[in-house]
Amino acid sequence: MLLRVENLTTYYGKIMALDNVSIDISEGEVVAVIGRNGAGKTTLLRSIMGLVKPAKGRILFRGEDITGKPPWIRAKLRIGYVPEGRRLFPYLTVEENLLVGAYTLKDKEEIYRRLEAVYRLFPRLEERRSQLARTLSGGEAQMLAIGRGLMVNPRILLMDEPSMGLAPKIVDEVFDTISSLKEEEKVTILLVEQNARKALEVADRVYLLDTGRVVLHARADEARNDLRVRKIYLGG
Amino acid sequence: MIGMYYITLLTEIGIYSIAALGLNITMGYAGQVNLGQAAFVGIGAITSALLTLDLHLSFWIGFLAAGLMSLLIGVLLGAVSIRLKHDFLAITTIGFNFIVVGVFEYYSVFGGTTGLIGIPPPRILGHSVWGFNFMVLVYIILALAAAGTWWIEKSWLGRAFQAIREDEEAAQTMGIDPRKYKILAFAIGAALAGFSGSLLAHFKTSITYQNFGFDKSIEILTMSILGGMDSIPGAITGAAVVKLLPEVFRPFVEYRLVVYSIVIVLVLVFMPQGILGRNSPLLEWLRGGSSGERSNP
Amino acid sequence: MEREVILETKDLAKHFGGVRAVDGVDIKVYRGELLGIIGPNGAGKTTFFNLVTGFLKPTRGKIIYEGREIQGLPPYRIARMGIARTFQIVRPLKNLTVFENVLTACGYRDYWGFSFVKPWDREDYLDKAERLLREVGLEDYAYKQAGTLPLGHLRRLEIARALAIDPKILLLDESMSGMSVEEIEEIKALIRRLRGKGLTILLVEHNVPVAVELSDRMYVLNFGRIIAEGKPEEVVRNKSVIEAYLGAGYAA
Amino acid sequence: MEITAAFLAQELITGLTLGAVYIAIALGLTIVYGILEILHIAHAGVYVVGAYVGLVSYVATHSVLLAFLAAAAGSALVGVVIERLFYLPMLDKPRHIPLMISIALFILIEEMVANTAGHYPKAFQTSLPSSVYSCCGVLISFQQILLMALVYALSLAIWLIFEKTRLGLASKALIQDLEVAEAMGIETNKIVDLNFILGSALAGIAGMLVGIYYGKISPHMGDVVAYESLVVIVLGGFGSIVGAVVGGLILGVAEAFLAAFFSNILPRDAFAFIVMIVLLIFRPQGLFGRAE
């Protein structure tokens, strides 16, 4: 087991955002966490990254308890993070954003190799390497956010709503990228998504979250036909 | 009778309380940073001094004109403040203080380097007011200022001030125009400083630009913060503490400022609401822990 | 029956640089109805909301309220005209008490001109604030500092504050987000009660089931445009709506 | 007064020297402001400490270089202690609280220096040459050359640090998004410390440099500087290094010429603030600041 979240309960300010949530993910897997807005998906990823402190529960990474560790230690364990809303460093160039992603790497050669790899994956980023991140279009910005998360050659990549606010065509591109990361680069991905259909296409397994609780855990192909998913999203 | 030493001390406490009260309105109620309050004291002092010295007008006209002049310049600073965010505003008010003092220093009309001397004391019914009587006059005016501030607290003006301090956008949903109330906050705070300046000028009978420097602004701000920025008794308590501290520490004159600054730092770190400010630990304790009852209408 | 339009937008648009957050929206709000506006994250709901309440100036288009064009007016004037709002991320006046929060809004008429000299310490104002607190069920918290209250209470506080300006139309921005199941039930009951009293309510929600339950009529927004309009149960069966929420192909 | 080219050139040199003094102090201040967004008035106190540590070390070692190092180290220590003890714990307080604390600390530092070293100015004589060079009727002293050379070299070095090193990259990332920076592996508290160390060390070097330039130091040498350096970073746009250099130059040169031609209109510091306020009215984010 690569990552295991055990009985996690988290408050976000005064709101109970996660209520006794347990999930796990093995190496090479793509696991999706879906659910309506406000279901607690983002809080789950932020807890794994150490950006919110859980009230109860444990987070184990490669068997090691990292619950109390600060975010930068988790980054050093090569947990890659693609935050919700991309959150690029707007006044850094594209390449500088990537270099911040590689901050935990010390070896110049290795950084250079990772940079090459990311540029191979996203040639458009290489064209725009010296542009400020704030000048990128929505799709390019998402590519950069993913690229930044990939710079550490992550053991697991946490992706938070990569489709948010993007036009349908760009959403397709982003998910093509995710599939190729899975198939070709063998990256382990924990994907948080509101776009259930898309998430179920690329994921092996899926957790459905509603008001902070796991209400469904299934293989992705099974969940696709599960009416509970639609009910949670649209009611009726 | 109390001696002249104490009369002087008490009079100064009263005069500075008025300026601190004004700062409480601008900064404490309305949340607008003003690090140049002493400049408004100076504008009031010099207006009043010039009118009585050069035009031989009565103290009372000088006194009212002092408040009015400071108020007008307060409106100007308030208008500038609308465009500026917190730190820029803070530095602008510092700059305002330096500019005003520079004008006083460089133009002999305003006293220049020697200052204005021989400012006449007020006259009531043909008698000059000084010493004990002047002190009484100061405290009557302080009482009026406190009453005015209390009235602000009890009127929609005070509600609007507090609302823009807490959250300008939320305030707008309640029909409050933040720009108007920011300007008003500066204007009223400045007017009180102007009144206090007039009293200061006629009390000391001679003033120079050095009485209104940035260090004086910090002193007034310290009074306001120490006492509690949203409390009327706080402003007076703060003025008393700041004016008395140096006297208490007179034996250690060398270390006076050291102790003074340490006290300020300690209060700010451990009791940022001030001694008598709302939710201050001291008040809570005095009230026996039942918080918020004071605002129970 | 001829229904009266209280608020209407015509070709309303807001662009941020190249992003078209709201892009030509026409809606009509009828007096007395509870209108829901739903849409996935980033659909432009909050931008739309901020346009109507004056917090943003539109790039183009009109907002007509009771026959008057109000686009571009500052928020405080729009509030005085009777358009009240709450915030998605609650914005209480933290250091004031709950009572003071509501009372401050009760004075909305007195912030104009020089009426601010009038005292607030009068029976009618105090009674009104108290009545509103009772209306939303916060009377026991009147003298608590607003900043110390849990989120559910703050949402109700914002509703009380909005009601204090005697609104003709109440705009609720994501009033359910971050709330527990019990709290959502309470807010739902409160909204129904207000609707029962004849208040026009505009509900912006991403919690679709709740919006479906409450609304008389619904608009669906996606990429800054209206993609569906109609009865709630019908709207959520609309193919493009399902796709907007769950992704293309899900409707199949 | 006859206005000749030589006169103007002389004033320009005075302005550039004065500008260098401003830059020396504002550079550190802008770094520190950029990282925590606190108006660090006590920076001027750190500058005074640097001057005194420098003098004491010079008297002890007779080495200008060692004295500079000691000044930098002493100031860095004071700066980082202020940051840890007073600024980091105060970040969630209303912003006038850390500002007031900073002002009080400034008074405290000045008074402590005055009480240990005496209220009166002390001479700062070094073995550095005190020659004055003349060219086409324009005079320039060795001290002026040293001051300018060192300050401009330091500015370049700081600029390189922020543009080319990991520390610079991490600092910029942290300023733009602290949370994501931490999630990318940046140990943010350490970076804040390093910024304070760097900025305060610069203040220390500036203090000693100005001491050598004027030949004396005093506990109150930071008084005017404390607030005028604020003008410099406002002119430049808070947190911008290039801005601080340009702002310092503008202020220095402007002051020299204003003092030469209009010295009877207003004091220098008042002029500086007028320029600043006028600029702010038309460009509220400063010259190099980013509009939001």
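The legends below describe close-up views of a predicted model.

**View 1. Chains B and C in contact.** Of the four pairs of chains in contact, chains B and C share the most contacts. On one side are 33 residues of chain B, and on the other are 39 residues of chain C. Together the two chains bury about 3,200 Å², with 59% of that area on carbon and sulfur atoms. Within the area that chain B buries against chain C, Trp156(B), Arg159(B) and Met174(B) supply 27%, more than any other three residues.

**View 2. Polar and charged pairs between chains B and C.** The count of salt bridges between chain B and chain C is three. One salt bridge joins the side chains of Arg91(C) and Asp167(B), with a distance of 2.8 Å from N to O. Across the interface of these two chains, 17 residue pairs are in polar contact, counting pairs with both residues at pLDDT 80 or more.

**View 3. The side of chain B that touches chain C.** Four elements of chain B give two or more residues to this side: α5 (132-154), α6 (156-166), α7 (168-172) and α8 (178-204). The largest share comes from α6(B), with eight residues. Sorted by class, the side of chain B that touches chain C has twelve nonpolar, ten polar and eleven charged residues.

**View 4. Chains C and A in contact.** Here 22 residues of chain C are in contact with 25 residues of chain A. The area buried between chain C and chain A is about 2,000 Å², and 61% of it lies on carbon and sulfur atoms. There are zero salt bridges between chain C and chain A. The number of residue pairs in polar contact across this interface is also zero, where both residues must be at pLDDT 80 or more. In chain C, α7 (208-214) and α9 (239-246) each supply at least two residues of the side that touches chain A. By class, that side of chain C holds 14 nonpolar residues, eight polar residues and no charged residues.

**View 5. Pairs of chains that do not touch.** Chain A and chain B do not touch, and their nearest C-alpha atoms are 19 Å apart. Chain C and chain D do not touch either; for this pair, the nearest C-alpha atoms are 12 Å apart.

**View 6. A nonpolar surface patch with residues of chains B and D.** The patch is formed by Tyr106(B), Tyr107(B), Val109(B), Phe262(D) and Ile265(D). These residues together have about 410 Å² of accessible area. One of them, Val109(B), lies in the loop between α4 (86-106) and β1 (123-124) of chain B.

**View 7. A salt bridge within chain A.** Lys41(A) and Glu161(A) form a salt bridge, and their closest N and O atoms are 3.6 Å apart. This pair links distant parts of the chain, with the two positions 120 residues apart in numbering. Lys41(A) is in helix α1 (residues 41-49) of chain A, whereas Glu161(A) is in the loop between β7 (156-160) and α7 (168-183) of chain A. Over all chains, a search of the whole structure finds 63 salt bridges.

Key. Residues are numbered from 1 along each chain as its sequence is written. Chains are lettered from A and ligands numbered from 1 in the order in which they are written. This is a predicted model: local features need pLDDT of at least 70, side-chain atom pairs count only at pLDDT 80 or more; totals for chains, interfaces and linings use all residues. Side-chain values use heavy atoms; hydrogens and water are left out. Contact means heavy atoms within 4.5 Å. Buried area is the accessible area (1.4 Å probe) that two parts lose on being put together, summed over both. A salt bridge is a side-chain nitrogen of Lys or Arg within 4 Å of a carboxyl oxygen of Asp or Glu. A polar contact is a pair of N or O atoms within 3.5 Å; within protein, one must be able to donate a hydrogen and the other to accept it, and residues adjacent in sequence count only if both atoms are side-chain atoms. Ala, Val, Leu, Ile, Met, Phe, Trp, Tyr, Cys and Pro count as nonpolar, Asp, Glu, Lys and Arg as charged, and the others, Gly among them, as polar. Patches are made of residues with over 30% relative accessible area and no salt bridge: like charges are joined within 9 Å, nonpolar side chains (Val, Leu, Ile, Met, Phe, Trp, Tyr) within 5 Å. Accessible areas come from the Shrake-Rupley method with a 1.4 Å probe; for residues, only the protein chains shown count as cover.
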